[in-house]
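The exercises that follow are meant to be worked with the coordinates open. Each consists of a task and a solution that proceeds step by step.

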Amino acid sequence: MALTTLEFEFKADAPKSIAKEWSHLGVTGSGDLEVLMERKDLGGKTKAKVVTPVVGFDAIWEKMINKFVVENNVGDVSIEINDDNATPIVVYMRLRQALAEANAKEGEQA
Amino acid sequence: MEFKGVKREWNTLKKDADARLKDAAPYVKEGKIVDAKDTVALLEAVIKPGDKVNIEGNNQKQADFLAKCLCQVDVKKIHDLHMVQSVLTLPEHLDVFEKGIAKKLDMSFSGPQAKRIAEFLQEGKLELGAIHTYLELYGRYFVDLTPRVALVVATKADRNGNLYTGFSTEDTPVIVEATKFRQGIVIAQVNEIVDELPRVDIPGDWVDFVIESPKPFYIEPLFTRDPALITDAQVLKGMMAIKGIYAEYGVKSLNHGIGFDTAAIELLLPTYGEELGLKGKICTNFILNPHPTLIPAIESGWVESIHSFGGELGMEDYVAARSDIFFVGPDGSMRSNRAFSQTAGHYAIDMFIGGTLQIDPYGNSSTATATRVAGFGGAPNMGCDAKGRRHSSDAWLKVGDEYGMKEEMYGNVRRGKRLVVQLAETFREKLAPGFVEELDAFALAKNAKLPIEPVMIYGDDLTHIITEEGIAYLHKCRSMEERTAAIRGIAGFTEVGMKADPKMTKHLRETGVIKTATDLGIDINRANRSMLAAKNVHDLVEWSGGLYNPPAKFRNW
């Protein structure tokens with residue numbers, strides 16, 4: 001399976017980093033994906049790296065993640081996504097779940 | 001006054017049928033019994049070129065032996081038949097056109113044969129009358145599509161032709177009644193000829209011949225969904241549907257279709273639904289097949305009644321043991337008369353909810369693709385506002401009261417409205433868009449030379465769309481412009497969604513025409529499979545107290 005790597009950068013209006021140093025959610029299984037979030041000093045920006053077998057949807061990945069970053073005011077975070085053909089509903093859900101997990105207190109389930 | 005009637009014979013149909021029956025007499029062994037080996041000869045005796053012929057083919061049980069035999073008749077003797085049947089599932093249903101035995105087709109649904117129908121249309125091997133809903137086609141059986149010969153299927157028969165259709169009654173009563181009472185001929189294949197039937201579903205004097213088929217009729221467990229295959233995303237959509245629609249409108253009577261989305265909802269009732277305090281307030285009366293995934297809700301006391309279009313393999317004993325809920329005969333087995341179930345689905349329920357492949361900016365939705373003539377079965381019959389409805393319910397009145405165009409359309413009369421809901425995703429598997437500027441139905445209409453685009457649910461009947469972006473409450477819109485804006489607002493990054501005006505979408509959110517999962521107060525972190533009341537088929541068997549007996553392909557333990 002040939003994989004494409006996409007890299008993006010986003011900036012929210014009032015960026016706020018995550019509580020945990022790093023966090024991980026999801027599994028790269030058929031129709032699903034894993035999300036890694038790492039706290040990083042990026043001058044308020046969010047960087048995203050997507051590894052996906054899907055071809056021709058680069059613009060949609062960018063729009064989806066941008067929407068997530070802007071709506072949730074995410075900043076100073078490096079996001080890594082390892083995708084296996086997830087549809088937007090799954091991406092949408094996993095990103096939000098990953099953010100909640102990354103902001104959950106230690107030992108607490110998001 | 002002088003009465004001048006036409007001079008003609010008034011019983012030619014009867015005379016013709018009698019002549020055909022006489023030709024068939026040599027093949028009758030005893031009573032109405034014909035040997036399986038004489039079936040082709042029997043068909044050649046009773047069918048004439050150009051006849052309207054029905055092969056009972058539902059979405060579940062199939063008159064498969066009779067379909068095979070019809071393919072073997074001599075095309076010099078029998079040709080140009082006009083097939084009138086609800087479902088084309090078996091290869092034989094199309095082989096009769098390939099061989100020239102049949103010429104014209106009127107139908108409802110074609111599933112696996114959809115591609116071949118399109119090809120045959122192109123090649124001129126088949127003329128298509130129309131693609132109907134089930135109830136619409138049954139209606140035409142009594143108007144201009146009455147079968148001359150019906151090839152039906154039953155579980156058991158006696159030597160006098162009485163039939164037991166039992167759990168899988170489906171289309172048999174409506175086909176036989178239309179055929180026999182217009183002097184047609186009825187042939188039934190049965191699994192078994194017995195001395196005494198559990199009950200009589202079709203009286204023997206409406207049936208001309210019974211044939212014990214070499215093998216039991218083919219039946220598909222079409223409505224069995226393995227909970228193990230339900231995804232977290234389906235749980236999320238289910239939670240949105242329950243909170244944003246079922247609870248919002250207090251939907252008590254409804255239909256669920258075949259998909260995993262509604263299976264997820266069924267399995268969320270005893271968990272999420274219970275938590276929201278909805279028991280007794282929603283989902284009390286269903287029109288649906290006996291879905292195994294509904295067992296946990298039934299066992300938890302959610303459901304008061306279920307009427308079924310057909311049976312479902314493995315659910316026989318469970319249904320028989322729950323006669324307070326299902327429609328069970330004096331013999332102890334369910335009867336599933338599809339015509340009545342479809343009537344109930346059209347007039348007597350408050351909500352239809354189902355899935356689709358494509359929705360356009362007007363809200364028209366269709367599962368049609370450019371190269372498949374598939375039809376929609378019962379969906380358009382239930383997925384519409386029944387304009388003849390005159391009884392009210394809270395859910396129906398609430399939608400009617402919220403209808404944004406009621407003054408323009410109704411004047412000052414208070415009217416209700418059926419909830420017609422489509423569960424969609426902006427992009428499905430293989431990233432096929434769920435929203436398109438023009439439905440593939442247009443290309444199909446062109447390719448197959450259809451006079452109208454095969455649209456499953458018309459936009460003016462659609463009240464709600466659920467996607468991961470949110471719920472659009474389309475009936476609240478006051479114009480087509482607003483409706484289109486609402487659809488674009490939940491269409492994500494599809495070509496339809498890209499044209500959304502963010503200001504307009506924001507306005508629609510403020511006025512409650514669009515609600516996101518957050519607006520609905522849904523905690524997205526809880527959208528996972530642990531919310532399901534059963535995680536796999538084995539759990540369903542446990543819930544049923546061992547009464548559900550799943551087919552082998554669903555037994556993986």
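## Exercise 1: Two residues with positive phi

Asp80(B) is partly exposed, because 15 other C-beta atoms lie within 10 Å, a count between the limits of 20 or more for buried and 12 or fewer for exposed. The model is a predicted one.

Task: Determine where Asp80(B) is placed, and then decide whether Lys449(B) is buried or exposed.

Solution. Begin with the backbone of Asp80(B), which has a positive phi of about 55° although the residue is not a glycine. Asp80(B) has its place in the loop between helix 3 and strand 4 (81-87) of chain B. Next take Lys449(B), another residue other than glycine with a positive phi, here near 55°, and find it in the loop between helix 16 (440-447) and strand 18 (464-467) of chain B. Finally count the surroundings: Lys449(B) has 10 other C-beta atoms within 10 Å, so it is exposed.

## Exercise 2: A helix and what covers it

Task: Explain why helix 3 (residues 64-71) of chain B is described as largely enclosed, and list elements that cover its buried residues.

Solution. The first step is to identify the buried residues of helix 3 of chain B, which are Asp64(B), Phe65(B), Leu66(B), Ala67(B), Cys69(B), Leu70(B) and Cys71(B). The second step is to set these against the length of the helix: seven of its eight residues are buried, so helix 3 of chain B is largely enclosed by the rest of the structure. The third step is to look for the cover, which includes helix 2 (39-46), strand 3 (52-55), helix 4 (91-98), strand 7 (149-157) and strand 9 (185-193) of chain B.

## Exercise 3: The core and the two domains of chain B

Task: Find which residues have the most contacts inside the largest nonpolar core, and explain why this core lies between two domains.

Solution. The largest nonpolar core holds 196 residues, and those with the most contacts inside it are Leu70(B), Val152(B), Ala188(B), Leu268(B) and Ala472(B). Its largest share, 10 residues, is supplied by helix 8 (residues 232-249) of chain B. Since both domain 1 (31-212) and domain 2 (227-531) of chain B give residues to this core, it lies between them. For one of the listed residues, Ala472(B), the contacts beyond four places in sequence are His464(B), Ile465(B), Ala486(B), Ile487(B), Gly489(B), Ile490(B), Val513(B) and Ile514(B).

Now turn to the contact between the domains, whose C-alpha centres lie 32 Å apart. Here 31 residues of domain 1 of chain B are in contact with 29 residues of domain 2 of chain B. On the side of domain 1 that touches domain 2, helix 5 of chain B gives the most, with five residues, and the composition of that side by class is 15 nonpolar, 10 polar and six charged residues. Helix 5 of chain B also belongs, together with strand 5 and strand 6 of chain B, to a right-handed β-α-β unit, in which the two strands pair in the parallel sense over three bridges.

## Exercise 4: Strand 4 of chain A and its partners

Task: Assign the residues of strand 4 (residues 45-52) of chain A to a covered and an uncovered face, and state in which sense the strand pairs with strand 1 (residues 4-11) of chain A.

Solution. In a regular strand the side chains alternate between the two faces of the sheet. For strand 4 of chain A, the covered face is made by Thr46(A), Ala48(A), Val50(A) and Thr52(A), whereas Lys45(A), Lys47(A), Lys49(A) and Val51(A) make the uncovered one. Pairing with strand 1 of chain A is antiparallel and extends over eight bridges, with Glu7(A) opposite Lys49(A). Towards strand 5 (residues 77-84) of chain A, strand 4 runs parallel and is joined by six bridges, with Val50(A) opposite Ile81(A). Strand 4, helix 1 and strand 5 of chain A make a left-handed β-α-β unit.

## Exercise 5: The contact between the chains

Task: Establish which helix of chain A gives the most to the side that touches chain B.

Solution. Start from the totals: 16 residues of chain A are in contact with 16 residues of chain B. The elements of chain A that give two or more residues to this side are helix 1 (58-72) and helix 2 (88-103). Of the elements on this side, helix 2 of chain A gives the most, with eight residues. By class, the side of chain A that touches chain B has 11 nonpolar, three polar and two charged residues.

How values were computed. Residues are numbered from 1 along each chain as its sequence is written. Chains are lettered from A and ligands numbered from 1 in the order in which they are written. This is a predicted model: local features need pLDDT of at least 70, side-chain atom pairs count only at pLDDT 80 or more; totals for chains, interfaces and linings use all residues. A nonpolar core is a set of buried Ala, Val, Leu, Ile, Met, Phe, Trp, Tyr and Cys residues joined through C-beta atoms within 7 Å. Helices (H or I, at least four residues) and strands (E, at least two) are DSSP runs, numbered from the N terminus. Domain bounds come from an automatic or database domain assignment. Two residues are in contact if their C-beta atoms, placed from the backbone, lie within 7 Å. Ala, Val, Leu, Ile, Met, Phe, Trp, Tyr, Cys and Pro count as nonpolar, Asp, Glu, Lys and Arg as charged, and the others, Gly among them, as polar. Two strands pair if DSSP finds at least two bridges between them. A crossover is right-handed if, with the strands pointing away from the viewer, the path from the first strand over the helix to the second runs clockwise.
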